[in-house]
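Work through the following exercises with the coordinates open. Each task is followed by a solution in steps.

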Number of protein chains: 4
Amino acid sequence: MMQNEKLKVHPLSELDHLKVHGRTTGCLSPLTLFWTGSAIELNVKGSELWIEVESDYDNYEPWISIVINSVPVSRQMLTAGRYWVCVFRGMNENTVKNVRIVKDLQAMSEDPGHSLQIHAVKADGEFLPVDEKSFKMEFIGDSITSGEGIIGAKAEEDWIPMWFSAINNYSTLTAEALNADYRIISQSGWGVLTSWDNNPHANIPEYYDKVCGLLTGDKNEALGAFEEHSFDSWQPNVVVVNLGTNDAGAFHSPEWKDEGTGQTHKQRLNKDGSYNEEDLGAFEEAVQNFLTKLRKYNTNAHIVWVYGMLGIPLMPAIYRAVDIYMKKTGDKKVSVFQIPNTTDETVGSRSHPGVLAHQKAAQELSGFIAEILAR
Amino acid sequence: MMQNEKLKVHPLSELDHLKVHGRTTGCLSPLTLFWTGSAIELNVKGSELWIEVESDYDNYEPWISIVINSVPVSRQMLTAGRYWVCVFRGMNENTVKNVRIVKDLQAMSEDPGHSLQIHAVKADGEFLPVDEKSFKMEFIGDSITSGEGIIGAKAEEDWIPMWFSAINNYSTLTAEALNADYRIISQSGWGVLTSWDNNPHANIPEYYDKVCGLLTGDKNEALGAFEEHSFDSWQPNVVVVNLGTNDAGAFHSPEWKDEGTGQTHKQRLNKDGSYNEEDLGAFEEAVQNFLTKLRKYNTNAHIVWVYGMLGIPLMPAIYRAVDIYMKKTGDKKVSVFQIPNTTDETVGSRSHPGVLAHQKAAQELSGFIAEILAR
Amino acid sequence: MMQNEKLKVHPLSELDHLKVHGRTTGCLSPLTLFWTGSAIELNVKGSELWIEVESDYDNYEPWISIVINSVPVSRQMLTAGRYWVCVFRGMNENTVKNVRIVKDLQAMSEDPGHSLQIHAVKADGEFLPVDEKSFKMEFIGDSITSGEGIIGAKAEEDWIPMWFSAINNYSTLTAEALNADYRIISQSGWGVLTSWDNNPHANIPEYYDKVCGLLTGDKNEALGAFEEHSFDSWQPNVVVVNLGTNDAGAFHSPEWKDEGTGQTHKQRLNKDGSYNEEDLGAFEEAVQNFLTKLRKYNTNAHIVWVYGMLGIPLMPAIYRAVDIYMKKTGDKKVSVFQIPNTTDETVGSRSHPGVLAHQKAAQELSGFIAEILAR
Amino acid sequence: MMQNEKLKVHPLSELDHLKVHGRTTGCLSPLTLFWTGSAIELNVKGSELWIEVESDYDNYEPWISIVINSVPVSRQMLTAGRYWVCVFRGMNENTVKNVRIVKDLQAMSEDPGHSLQIHAVKADGEFLPVDEKSFKMEFIGDSITSGEGIIGAKAEEDWIPMWFSAINNYSTLTAEALNADYRIISQSGWGVLTSWDNNPHANIPEYYDKVCGLLTGDKNEALGAFEEHSFDSWQPNVVVVNLGTNDAGAFHSPEWKDEGTGQTHKQRLNKDGSYNEEDLGAFEEAVQNFLTKLRKYNTNAHIVWVYGMLGIPLMPAIYRAVDIYMKKTGDKKVSVFQIPNTTDETVGSRSHPGVLAHQKAAQELSGFIAEILAR
């Protein structure tokens, strides 16, 4: 191999022009990428670029996608260790390449050992400023928003990082269509009130205020995951909430039991198969409370509650809750929007929405949000 | 990271069930993958799989794609060195995964240092037999068949490995549609008679008899690239030749000159812009000679000369040459088939066919070949 | 012209096997087709078929489409008069053709002179039984359900029968996808409470009980349009209501005034552009009342309120009204379903949904209803 | 019905602005439309338009399509007689409508009684000039170009006018894509040398010089069908010939016998199923002769021989014949172009190309011709 003698290492903290996507602590030495879709973005004038990553996990390894000039060119598992990954080489040193290194896997609440960090980049050229997009968007959701099922054969059933992706994800596609920067806050299996299996702690709202509060363990604490998130630093124009799918599932799942405390929880069905009113009410209250919290932190954002990629059983409850919230608060900047259901033609792996389902959702959703942004 | 204590290393040569795709020397210690689309295929019952690769190059690095249960899940650059790459981990140990590790870059005649080898696999389970497909196909071509331009933004202009791919390539898609095993023999810029820049040595037919004869250098010699290919070991049902695009380009390119010998070559245009008859005749003779050679080595294959993804200026000459060959030899198993041109909507990077162009070509071509195979 | 001497006239009332689609009075001498999508359906074994129509109007002429073996083959204006229209000729006399003659224009409340009648058929063969479909569906709506804009250039602005169609209409396409017989009750410009221009009499619910109660004039009275509809004779499995688009428009239209009585009506906007609460309440009450009426007449039908092909401004109100209705009555067989918005790519003439918009709506809606029917 | 008192009859011959499409005799009192796709085109400023047609036939009745502002709005059978057909009514009298009344059925060589004439138009406004398009194109072909199979269910087998159409025909779509006026010369079952059933008189070239020479009978003679066509009056930029499909069929059909003269003809197969060389030679000569005739009459046109919508068995012979013609004559403005084959997904009625097949063909062909026209 011919060595490129001109390569120079730049710690992230010393880069003149670096754009970081996704909620982080602000620390760049190193930068920890917590959420799916979080990324570093660079405009590089040079022939070659490497990044120094540090990957760790107990069970679930990180994946990244590399996007060059807006087109995905590589996607790979990052096995444990600290090492250099080559992003490109042999390119014309006089042209500017826009590069995004994207975490292609959600924050992993089930794996306290999981982490992905970027220490430095290595290049033979210079770094130029990266433009801000016209809008900022935040997507909050569950496995659908985590892109579970976007990759892999329909027959796949294992719950592993390989099948998750932020690329070809409705959130990414919607943001692209609207020319928006975006962040994703999502966790597979979680809901507004409970997880699919009735765990009342597995809800996004409880952890929304922290940088990445749904993680666990000392390591994540040390990484700053549990710090208060600085909402002032990044105020979105639109917040999309895609939650409710697991809350609906909970009604059909067995009781959850905390083996330690003996605490149990169960969203109950009536005998005729309809939702227990009290439990449904708890869900609706959770929606209202989350809206209140979202508004507290995102003063001017239009909030769009989307639902439908895996059915709409809780849509009446969502509409009810949003209605009550809006009447109570006078907040007018909230909408509900149904996105298309997944079909046999559009399904991906693990019975989750596939690429075609995400494309359809993004097409409808971006049309709806474009009208809001145009007002 | 939790260590998987059950992993066991298997040198390729000791694997019970291994399917190798693409022309190789037969050596497995290690296996050298020369051509794009060449691959190892495994049926693995186990939770985790790694492969030990060895990558080298002066300028142009190898890339691989990983295909699991027929779906691409990863694509990555292989920087120089000998190391382990994890294919999957954390999967259900009781299910069988079909895995293909595919060389995603053509043989690199311009880089004598380029090589990709696989030494061993590491897994915690067992390897099961891999089925043979119904048919065998060979694709012979230039940059189109090398998948140049399938990856990357339309604006990309660098001639680098990153933009090449065997995945979403018309050859791969056609073989899939027909349930065929397949091999690719291709080189960007080359033709039947000359390269796009009139180099009379940059023609595929001259090197067709060798394992990978168009490579150069002592290293490739040592790897066995220049050995006679054992045609008996793998007789295709169909040979698809997609050559002529660079031969047409040569008429519009400056003279080629061998600085060492002073030898020159130029396919000439007449003053009115039409092809010089003598030079066109040389092209047609080259087509005839290649057909003769192809028939010599592929006794029963149906040969389909395809052309058109970047225009059809030489189609009359191809038809003429095939006609003369068939009349001369009585060989009836040769066809010419035009495949759809690339348009603004279907173009990829480097002004080459993009994914949509390859899909269209595969759709038309597989329909045509299906009729031949059904006879 | 060669005369077909074997043709024999059959008054509709004397046909052994005739299937009539759409709400009618039951009279066959002649049969009056009131609603769009209403039709006669025949299975004809013979070489030639004619129908004797009688068309009349003051301003808005009827149109028909002819559907043979489920494929539209002809569409034509019916100018005033009583005359024979040839459906097919010269066909194999031994094969059975399924034929539908479809009214391709809505009931015309604005034209008391408008009528379309079928007196008889003429054929040279025999008529065979027509199968019942698996399900029965009723679609209730406005211009969208009347198929306004399905035909014609985007630039068309005239409000004329030519641009309306029951073919390529989401209702027809949904029924086809579900293998259902169907009826359409629709009127362009009308709503649940008022028309787009605030006319409180231009609402569908008020006239739902009659055969075609929204028509006017002595002629229609004589034709039986104002008779009570016999709901017992045809009980749908699913009732789709697509109303609300004009009710939303009313808020943005000037006051309506009855010149005779001096009565006025106006759905008001607040100063900030939001809907006046009282008027919105009136809309919601109208929705509830219509559901009550629908349930009265369609005892077992699942009622699906769909909305969205031209935006969703009243969706919260619809959900609220449906919610209150369901809680009040205990009726569980009601759903709300959002269908995709019309875009620049899918719009037809007169700024209404075009063929592509109707196809998309039918695809989503039929998926949703299929799940209901499968329960 | 309210009478429109302002309607005024205009014999075609007295119209200031009338555009006639298709080969005609030039006579306007009345105008006879012989070929499919032939039409009158008007720009009408008025609220209502009628045309006075005269239709006749022994067996095969004419059909028309009505195209308003480039969109088809009506399609109907014209039963025998002379009568008025309403094109539109009730439109804004101040806007200009572009209207085409298109013969939607090929010239009917098998029915000497078949004719379609237009005597006059009736309107309440004025007629404005109709623009010339950028280019002129002529399409010459068989059933494919006659649009046989574009209408109707896949199961249809009757050979009747209803299944033919000039709308959604590759010829019409190609001309639209290129902004060209166009004419069609076509006959179902016919070839360059013989018909599908070996009739050596059923070939297009023999009758190409006449207005519509392939018709028969005294009536057509009286209508001027056998007059010399005035090629000077309309010189196309491109002539597309889509012939050869029936010539290939002839090899697989029984001998043709003229019962009167005893003359027989048969294109023979060799025992191995290949084409008899002598008969194939006759086909190739017919191609060459037709090219010579086409060039004689169309001095500057680029001639494109297209083939492939129902397979390409004679493509080598077509290339050979074109090659010989070009070498012999020095004519450089001739190309051969393969268009996509019809598949299960794109087939229409009577096993002929359906709408999707015609759209695909038009897309590829218009791309190819656009490059020729851009030179």
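The exercises below concern a predicted model and go from chain arrangement to single residues.

**Exercise 1. Chain arrangement**

Task: Find which operation lays chain D on chain C, and which operation lays chain B on chain A.

Solution.
- Step 1. Superposing chain D on chain C takes a turn of 180° and a shift of 0.0 Å along the axis, and leaves an RMSD of 0.0 Å. That is the relation of a two-fold axis.
- Step 2. In chain D, the C-alpha nearest this axis belongs to D:Arg75, at 2.7 Å. Both copies use the same surface, since 100% of the contact residues of chain D recur in chain C.
- Step 3. Chain B goes onto chain A with a turn of 180°, a shift of 0.0 Å along the axis and an RMSD of 0.0 Å. B:Arg75 is the residue of chain B that comes closest to the rotation axis, its C-alpha being 2.7 Å away. Here too the same surface serves both copies: 100% of the contact residues of chain B recur in chain A.
- Step 4. Two other pairings have no contact. The nearest C-alpha atoms of chain B and chain C are 17 Å apart, and these chains do not touch. Chain A and chain D are joined by no contact, with their closest C-alpha atoms 17 Å apart.

**Exercise 2. Two helices of chain B**

Task: Compare the end-to-end span of α4(B) with the expected value, do likewise for α6(B), and find what covers the buried residues of each helix.

Solution.
- Step 1. Helix α4 of chain B runs over residues 277-297, which is 21 residues. At 1.5 Å a residue the span should be 30 Å, and the end C-alpha atoms are 30 Å apart, so the two agree.
- Step 2. At the start of α4(B), a side-chain oxygen of B:Asn276 comes to within 2.9 Å of the backbone nitrogen of B:Glu278.
- Step 3. The buried residues of α4(B) include B:Leu280, B:Phe283, B:Val287, B:Phe290, B:Leu291 and B:Leu294. An α-helix has 3.6 residues a turn, so residues three or four places apart point the same way. Among the buried residues of α4(B) there are also B:Asp279, B:Glu284 and B:Arg295.
- Step 4. The cover over the buried residues of α4(B) includes β12, β14, α3, β17, α5 and β18 of chain B.
- Step 5. Helix α6 of chain B, residues 355-374, has 20 residues and reaches 28 Å from first C-alpha to last, close to the expected 28 Å. Its buried residues include B:Ala361, B:Leu365, B:Phe368, B:Ile369 and B:Ile372.
- Step 6. For α6(B), the cover includes β12, α1, β14, β17 and β18 of chain B, together with α6 of chain D.

**Exercise 3. Cysteines**

Task: Find how many disulfides the structure holds and why C:Cys212 has no such bond.

Solution.
- Step 1. Over all chains the structure holds 0 disulfides. A:Cys212 is in none, and its nearest cysteine sulfur, in A:Cys27, is 15 Å away.
- Step 2. C:Cys212 has no such bond because its sulfur is 15 Å from the closest cysteine sulfur, that of C:Cys27, which is too far.
- Step 3. A:Cys212 is buried, with a relative accessible area of 0%; C:Cys212 is also at 0% and counts as buried.

**Exercise 4. A loop threonine**

Task: Describe where C:Thr346 lies and what it contacts.

Solution.
- Step 1. C:Thr346 is in the loop between β18 and α6 of chain C.
- Step 2. At a relative accessible area of 8%, C:Thr346 is buried because the cut-off is under 20%.
- Step 3. A polar atom of the C:Thr346 side chain lies 2.8 Å from the backbone nitrogen of C:Thr343.
- Step 4. Beyond its neighbours within four places in sequence, C:Thr346 contacts C:Asn341, C:Pro353, C:Gly354, C:Leu356, C:Ala357 and C:Lys360.

**Exercise 5. Backbone exceptions**

Task: Identify the peptide bond geometry before C:Pro30 and the sign of phi at B:Asn179.

Solution.
- Step 1. Most residues other than glycine have a negative phi, and most peptide bonds are trans.
- Step 2. The bond from C:Ser29 to C:Pro30 is cis, with omega near 0°. C:Pro30 sits in the loop between β2 and β3 of chain C.
- Step 3. B:Asn179 is not a glycine, yet its phi is positive, about 55°. B:Asn179 lies in the loop between α1 and β13 of chain B and is partly exposed, at 36% relative accessible area.

How values were computed:
Residues are numbered from 1 along each chain as its sequence is written. Chains are lettered from A and ligands numbered from 1 in the order in which they are written. This is a predicted model: local features need pLDDT of at least 70, side-chain atom pairs count only at pLDDT 80 or more; totals for chains, interfaces and linings use all residues. Side-chain values use heavy atoms; hydrogens and water are left out. Helices (H or I, at least four residues) and strands (E, at least two) are DSSP runs, numbered from the N terminus. The expected span of a helix is 1.5 Å times one less than its number of residues. Buried means under 20% relative accessible area, exposed over 50%, partly exposed in between (1.4 Å probe, protein chains only). Contact means heavy atoms within 4.5 Å. A polar contact is a pair of N or O atoms within 3.5 Å; within protein, one must be able to donate a hydrogen and the other to accept it, and residues adjacent in sequence count only if both atoms are side-chain atoms. Copies are superposed by least squares on the C-alpha atoms of residues with pLDDT of at least 70 in both. A disulfide is a pair of cysteine sulfur atoms within 2.5 Å.
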